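This briefing is intended for a reader who is meeting the structure for the first time. Please keep the sequence and the model in view while reading the points below.

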Amino acid sequence: MAPLYKSLLGFLLLLPGITNSQGKLNVHGAKINMRNGAYVTAYDVAMTDTSMLNVNSSTLRVADSIISSTNINLRYGTLDLCGTNAQVTPASPFANNAVNGLIVSNSSAIGISFNGALEIYNSITYSGTGKKLTTNDN
């Protein structure tokens, strides 16, 4: 990823109300701070081991997969899983396994499954009836 693109992406994520729905959000070695009500939508989110995505008073909306090893900090942010196919969240994709708020928007019959522990500090919200969340006893 070119340095200018990383800089511009980081700048956009800082602005309130900015939405990114252009497919995949791939972060390679950058630290990105979402704050002040930013609302970012991505099909996939992929983080390298040297990257960090801090979601503070903002919402990260993911329509498919999350590839991360504790590189997404959602302790003060909201995660909205909004896919139309089954979404399986791997073990420990979030810093300290912490999420401030979780929105279950997935519309598939299988819904969302977590393959690891997750601490939700504020709320779990379902965007409608018939939404399914499987914790696998985590």
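In this predicted model, strand E2, residues 31–35, has two unlike faces: Ile32 and Met34 lie on the covered face, while Lys31, Asn33 and Arg35 lie on the uncovered one. In a regular strand the side chains alternate between the two faces of the sheet. The points below begin with the pairing of strand E2 and then turn to other parts of the chain.

**Pairing of strand E2**
- Strand E2 runs parallel to strand E5, residues 52–62, and 5 bridges join the two.
- Within this pairing, lysine 31 stands opposite methionine 52 of E5.

**The open sheet E1-E4-E6**
- An open sheet is formed by 3 strands in the order E1-E4-E6, with parallel pairing.
- Strand E1 (25–27) and strand E6 (66–67) each have a single partner strand and stand at the edges, so one side of each is left without a neighbour in the sheet.
- Strand E4, residues 45–47, is joined to E1 by 3 bridges, and the two run parallel.
- Leucine 25 has valine 45, in E4, as its bridge partner.

**The nonpolar core**
- The largest nonpolar core contains 26 residues.
- Val45, Leu53, Leu60, Ile72, Leu79, Leu81 and Phe94 are the residues with the most contacts inside this core.
- At least two residues of the core come from each of E1, E2, strand E3 (39–42), E4, E5, strand E7 (72–81), strand E9 (94–104) and strand E10 (112–114).
- Beyond its neighbours within four places in sequence, leucine 81 is in contact with several residues, including Val62, Ile66, Leu102, Val104, Ile112 and Phe114.
- Polar residues are also among the contacts of leucine 81, including Gln87, Thr89, Ser105 and Asn106.

**A nonpolar patch on the surface**
- Ile120, Ile124 and Tyr126 make a nonpolar surface patch of about 250 Å².
- Isoleucine 124 belongs to strand E11, residues 119–126.
- Isoleucine 124 counts as partly exposed because its relative accessibility is 42%, a value between the limits of 20% and 50%.

**The chain as a whole**
- The secondary structure consists of 1 helix and 12 strands, and the sequence order is α-β-β-β-β-β-β-β-β-β-β-β-β.
- The chain has 138 residues, of which 42% count as buried.
- Its accessible surface comes to about 6900 Å², and carbon and sulfur atoms account for 51% of that area.
- Among contacts with a separation of 6 or more, 23% are between residues 24 or more positions apart.

Conventions: Residues numbered from 1 in each chain as written. Predicted model: local features only at pLDDT ≥ 70, side-chain atom pairs only at ≥ 80, totals over all residues. Heavy atoms only, no water. Buried < 20%, exposed > 50% of the residue type's maximum accessible area, 1.4 Å probe, protein only. Helix = DSSP H or I, 4+ residues; strand = E, 2+ residues; numbered from the N terminus. Pairing = 2+ DSSP bridges. Patch = residues over 30% accessible without salt bridge, like charges linked within 9 Å, V, L, I, M, F, W, Y side chains within 5 Å. Areas by Shrake-Rupley, 256 points an atom, 1.4 Å probe, with all protein chains shown as cover. Salt bridge = Lys/Arg side-chain N within 4 Å of Asp/Glu carboxyl O. Contact = heavy atoms within 4.5 Å. Core = buried A, V, L, I, M, F, W, Y, C linked by side-chain atoms within 4.5 Å.
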